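Student: Please choose a single part of this chain and go through it closely with me, and then show me how the rest is built around such parts.

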Amino acid sequence: MVIGNYTDGNLVASLLSSKLGVTQGTIAHALEKTKYEDSDVKWREMDHKYHFSCQFTADMIAMNTSDFIIASTYQEIAGSKDKPGQYESHYAFTMPGLCRYATGVNVFDPKFNIAAPGADQSVYFPFTQKQARLTDLHPQIEELLYSKEDNDEHLGYLQDRSRPIIFSMARLDKVKNITGLVEWYGENKKLRDLVNLVIVGGLLEPSQSNDREEIEEINKMHSLMDKYQLKGQIRWIKAQTERVRNGELYRCIADTRGAFVQVKKTQIQLSMKLKH
């Protein structure tokens with residue numbers, strides 16, 4: 001059996017499973033077509049940057065050659081009454097001057113399965129489990145959250161440590177919408193008087209990135225911090241890869257009576273209270 005993930009991995013899985021005569025599984029995780037509005041109709045003007053002509057073709061090949069497809073939610077497959085699902089949007093669409101799909105993929109096919117993602121309970125356990133807390137990491141997290149000096153790891157500072165923290169950790173791109181969260185926070189004076197904002201994501205300077213979209217979002221982050229004069233209320237920490245420390249970071253945010261929020265554009269916006 002060969003299982004692919006994301007567009008390139010799924011295309012390779014399609015080729016390998018066909019060559020070897022074995023079962024093929026597909027995990028898309030996130031399909032690009034629904035991330036960018038009218039990406040099919042406007043594919044030509046976006047193709048130099050996103051290569052949608054290749055990507056959508058590869059996605060269609062993988063969807064239709066797979067023996068089974070694993071999605072994380074029903075929404076990913078069939079959406080809601082107000083919005084089509086990521087897979088559903090591939091049923092019928094046109095890329096003018098290139099191709100037209102009349103029955104691209106059948107979302108009622110039994111090959112679709114839902115397997116909700118899980119978390120390693122040894123790393124991401126509740127903040128209330130005091131005996132299991134990784135207190136030896138607290139000095140590092142204290143510096144990460146509250147030191148007032150800008151450095152290569154973080155920008156901004158939190159003047160009032162008694163306030164709860166709104167916390168988000170994600171890639172710094174348009175779909176994850178981190179800059180949208182910062183702008184929303186900056187415009188809401190009542191919220192700014194009540195809570196601090198901590199962002200973990202991306203690099204901190206445009207010169208450090210080679211990704212055009214990330215560079216745009218980095219510049220926007222700096223612009224928003226200046227526009228709303230957020231220093232003293234926001235901490236922007238660059239992307240963190242230490243999984244164990246990240247788990248304890250979540251729990252330290254919970255200690256402040258904080259909340260984790262996700263504002264990805266292609267999903268229902270939600271917030272999860274970490275502590276009442």
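Tutor: Two strands are said to pair if DSSP finds at least two bridges between them, and the strands themselves (E, at least two residues), like the helices (H or I, at least four residues), are DSSP runs numbered from the N terminus. This is a predicted model, in which local features need a pLDDT of at least 70 and side-chain atom pairs count only at pLDDT 80 or more, while totals for chains, interfaces and linings use all residues. Residues are numbered from 1 along each chain as its sequence is written, and side-chain values use heavy atoms, with hydrogens and water left out.

The part I choose is strand β8, which is made up of residues 165-169. With strand β9 (residues 196-200) it runs parallel, and 5 bridges join the two; within this pair, I165 stands opposite N196 in β9. β8 also pairs in the parallel sense with strand β11 (residues 259-262), here over 2 bridges, and in that pairing F167 stands opposite F260 in β11. Strand β8 is mostly covered, since 4 of its 5 residues are buried, where buried means under 20% relative accessible area, exposed means over 50%, and partly exposed lies in between (1.4 Å probe, protein chains only). As a rule, the side chains of a regular strand alternate between the two faces of the sheet.

From β9 we can follow the chain into the loop that leads to α8, where G202 lies. G202 counts as buried, because its relative accessibility is 7%. Leaving aside residues up to four places away in sequence, G202 touches A170, L172, E214, K238 and A239, a contact being heavy atoms within 4.5 Å. E248, by comparison, is 46 residues from G202 in sequence and 20 Å from it in space, C-alpha to C-alpha.

The loop after α8 (212-227), between that helix and β10 (234-237), holds Q229. Most residues other than glycine have a negative phi. Q229 is not a glycine, yet its phi is positive, near 50°, and Q229 counts as exposed because its relative accessibility is 66%. H51, in the loop between α2 and α3, is another residue other than glycine with a positive phi, about 55°; its relative accessible area is 45%, so H51 is partly exposed.

Helix α3 (residues 52-65) has 14 residues and reaches 20 Å from its first C-alpha to its last, close to the 20 Å expected, the expected span being 1.5 Å times one less than the number of residues. Among the buried residues of α3 are F52, F56, M60 and M63, and the buried residues of this helix pack against α1 (6-20), β2 (24-27), α2 (43-50), β3 (68-71), β4 (93-95) and β5 (99-101).

Stepping back, the protein chain has 9 helices and 12 strands, and its C-alpha trace spans about 60 × 45 × 35 Å along its principal axes. Of its 276 residues, 47% count as buried. Among the contacts in the chain with a separation of 6 or more, 67% are accounted for by residues 24 or more positions apart.
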